[in-house]
Amino acid sequence: MSTRPIGTPSPLRVIATPGGVPHAVVVDGRRRRVIAVRDDWLVQDRWWTDEPIDRHYHEVVLEPGRLMLIFRQGGDWFTHRIGA
Amino acid sequence: MIVVVHLPLLPLRVALIRAGHPFDAPAALAPAPDGPQVVGQCTPAALACGVHEGLRAGEAFARCPQLALIRPNPEEAADTVERMLCALEAAGCAVEPLGQDGAAFDARPVMRLHGGLRGVLARVRAAVPVGVDGRIGVAPTLFAAHQAARAAERGAPLVLDAADVVRFLAPLPAERLPLPDRAVEACRDVGLRTVGQIAALPHAAALEKLGFAGVEAWELARGLPGRPPRPRTPPAPLSAQMEFPDPSGTLGSLESAGRLLLEEIAAAVRATGGAVRMLRLGARLADGGSWGRGVALRDATADPARLELAVLPRLAEIPAPITRLRIEADASGGAGGHQLTAIPAPGRERMARAGEAVRQVRAALGDEALLRVVELEADSRIPERRWALAPHPEPAPDRP
């Protein structure tokens, strides 16, 4: 029996302000401006393992009104594509 | 001639091998996480320090400060015994399992097949797992063969002829007889401490001292045959397991995994036309050791919902996060014996068609072509741990 996880993080190109707030996201080769950041939160977990999780999540609204969940970990940006 | 393979202290030896701990150092099996805080089987060095099975852990450390507590590994021990039973059955022997103590079988039907008793014993020696110090005894009766196995030297089977049985049994302690403790104490009170002393009793005295239930033990002490080995029906083993890349300990994820495994087993059982009689759950704990439970079903069934009712509550007993969950099923039950319903249930036709559609899609495109979303840890803060895709089970045909 094998299962495939859903929503594994995939890398994403995000243009962010120096303060770390996402300003625009490149989706399918097109740059989409972030209209609003609906929420942001930190997730720190599995610190007792060799692969600790330290993520800063942002729930953003992109230019045409599309909702997207992105997070930054270790300087890189990722998305789960939840809500896309 | 009855052959008995005795595996002394098998759970302890398996746990020591897995932990890389020597057998000649003081060590004992650690208490089970969900049980009383008493130590399990002990090495001879621990016994010499006054530690014994059933002693409270604190008292054991007080008696033997250098005692090492070894985490039990029941799953590995059960696998070891099962491998030996399968090897013996592959050699043509009709084997009666003696729990984790070993196995017994009547060698007469296979003596000509293997060229006499020596050939049979060669096959038995080959079947005994390496490193567990198996002992082999041969005697005309099951009880005598068992005692011979307990007295045998390592690598040298002890063979008793009919004429040797009574003389061999005579000096053994009376506790070896299948007698209730009260009967043993009653015998000890009147100075009957060995099997030979009990065998020397006249029938009337044995009946008075041991009761009706003890007369059979008295007959065994006199070398009479007793019951023959009761061979098991070789099971049609089915198993399914799931590996967890990250240790998982939440009940929700364990139940989700359990449901998936049971559906896989139920589908395989239905394909054979049988039904599940027993299930064995096993889990490899993340920090070493293992956990195992047996589940006997009241009625043989291949219905996933009924299997879930029996199995899922047991998963709450897993004491720590696990890296592997395994379910084995004894599918030797027959599908018959159930009464068919007189009134067809609504949706039967739909289920039959859906099942056929699933089978056709799978046949054309493979098992991975039809997937479904299963919940793993719905409350996890990490999104990729909440759900997963798993192969879609075939809808069960309408069967009571």
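## Close-up views of a predicted two-chain model

**View 1. Five strands of chain B line up in an open sheet.** In this predicted model, the open sheet of chain B has 5 strands in the order β4-β5-β1-β6-β7, and their pairing is mixed. Look for the two edge strands, β4 (95-97) and β7 (158-159) of chain B, each of which pairs on one side only. As background, strands of a sheet pair through backbone hydrogen bonds, either parallel or antiparallel.

**View 2. Strands β1 and β5 of chain B run side by side, with a helix lying across them.** How many bridges join β1(B) to β5(B)? Strand β1 (residues 2-6) and strand β5 (residues 102-106) of chain B are joined by 5 bridges, and the two run antiparallel. To find one of the pairs, start at B:Val3 and step across to its bridge partner in β5(B), B:Phe105. Then look for helix α4 (residues 74-90) of chain B, which lies across β1, β4 and β5 of chain B. The helix runs at about 15° to β5(B).

**View 3. A salt bridge links distant parts of chain B.** Here the side chains of B:Asp133 and B:Arg13 meet, with N to O at 3.0 Å. Where in the chain do B:Asp133 and B:Arg13 sit? B:Arg13 belongs to helix α1 (residues 10-19) of chain B, while B:Asp133 is in the loop between α6 (117-127) and β6 (135-139) of chain B. The two residues are 120 residues apart. Over all chains, the structure holds 22 salt bridges.

**View 4. Six strands of chain A close into a barrel.** Follow the strands of chain A around in the order β2-β3-β4-β5-β6-β7, and you will have traced the whole barrel, with antiparallel pairing. Neighbouring strands in this sheet are turned by 45° against each other on average, ignoring direction.

**View 5. Strand β2 of chain A has β3 on one hand and β7 on the other.** Strand β2 (residues 10-16) of chain A pairs with β7(A) in the antiparallel sense over 3 bridges. Two places to look are A:Pro11, which stands opposite A:Phe78 in β7(A), and A:Leu12, whose bridge partner in β7(A) is A:Trp77. Strand β3 (residues 22-27) of chain A is joined to β2(A) by 4 bridges, again running antiparallel. Here A:Arg13 stands opposite A:Val26 in β3(A).

**View 6. Two hairpins of chain A each have a glycine with a positive phi.** Which residue in the turn between β2(A) and β3(A) has a positive phi? This hairpin has 5 residues between its strands, and A:Gly20 in the turn has a phi of about 95°. The second hairpin is made by β6(A) and β7(A), with 2 residues between the strands. In this hairpin A:Gly74 takes a positive phi near 60°. Strand β6 (residues 67-73) and strand β7 (residues 76-79) of chain A pair in the antiparallel sense over 4 bridges. You can spot A:Arg72 opposite A:Trp77 in β7(A), and A:Trp77 is also the bridge partner of A:Leu12.

**View 7. Chain A and chain B meet at an interface.** On the chain A side 19 residues are in contact with 20 residues of chain B. The area buried between the two chains is about 1700 Å², and carbon and sulfur atoms give 56% of it. There are 3 residue pairs in polar contact between chain A and chain B. Which elements give two or more residues to the side of chain A that touches chain B? They are β1 (4-5), β4 (30-45) and β5 (53-62) of chain A. β4(A) gives the most, with 4 residues. By type, the residues on this side of chain A divide into 9 nonpolar, 6 polar and 4 charged.

**View 8. A salt bridge and a pair of strands connect the two chains.** The count between chain A and chain B is 1 salt bridge. In this salt bridge B:Glu384 pairs with A:Arg55, and their closest N and O atoms are 2.7 Å apart. The chains also meet strand to strand: 2 bridges join β1(A) to strand β14 (residues 387-391) of chain B, and these strands run antiparallel. To find this pairing, look for A:Arg4, which stands opposite B:Leu389 in β14(B).

Key
Residues are numbered from 1 along each chain as its sequence is written. Chains are lettered from A and ligands numbered from 1 in the order in which they are written. This is a predicted model: local features need pLDDT of at least 70, side-chain atom pairs count only at pLDDT 80 or more; totals for chains, interfaces and linings use all residues. Side-chain values use heavy atoms; hydrogens and water are left out. Contact means heavy atoms within 4.5 Å. Buried area is the accessible area (1.4 Å probe) that two parts lose on being put together, summed over both. A salt bridge is a side-chain nitrogen of Lys or Arg within 4 Å of a carboxyl oxygen of Asp or Glu. A polar contact is a pair of N or O atoms within 3.5 Å; within protein, one must be able to donate a hydrogen and the other to accept it, and residues adjacent in sequence count only if both atoms are side-chain atoms. Ala, Val, Leu, Ile, Met, Phe, Trp, Tyr, Cys and Pro count as nonpolar, Asp, Glu, Lys and Arg as charged, and the others, Gly among them, as polar. Two strands pair if DSSP finds at least two bridges between them. Axes are lines fitted to C-alpha atoms, for helices over the stretch in contact, and angles run from 0 to 180 degrees between N-to-C directions.
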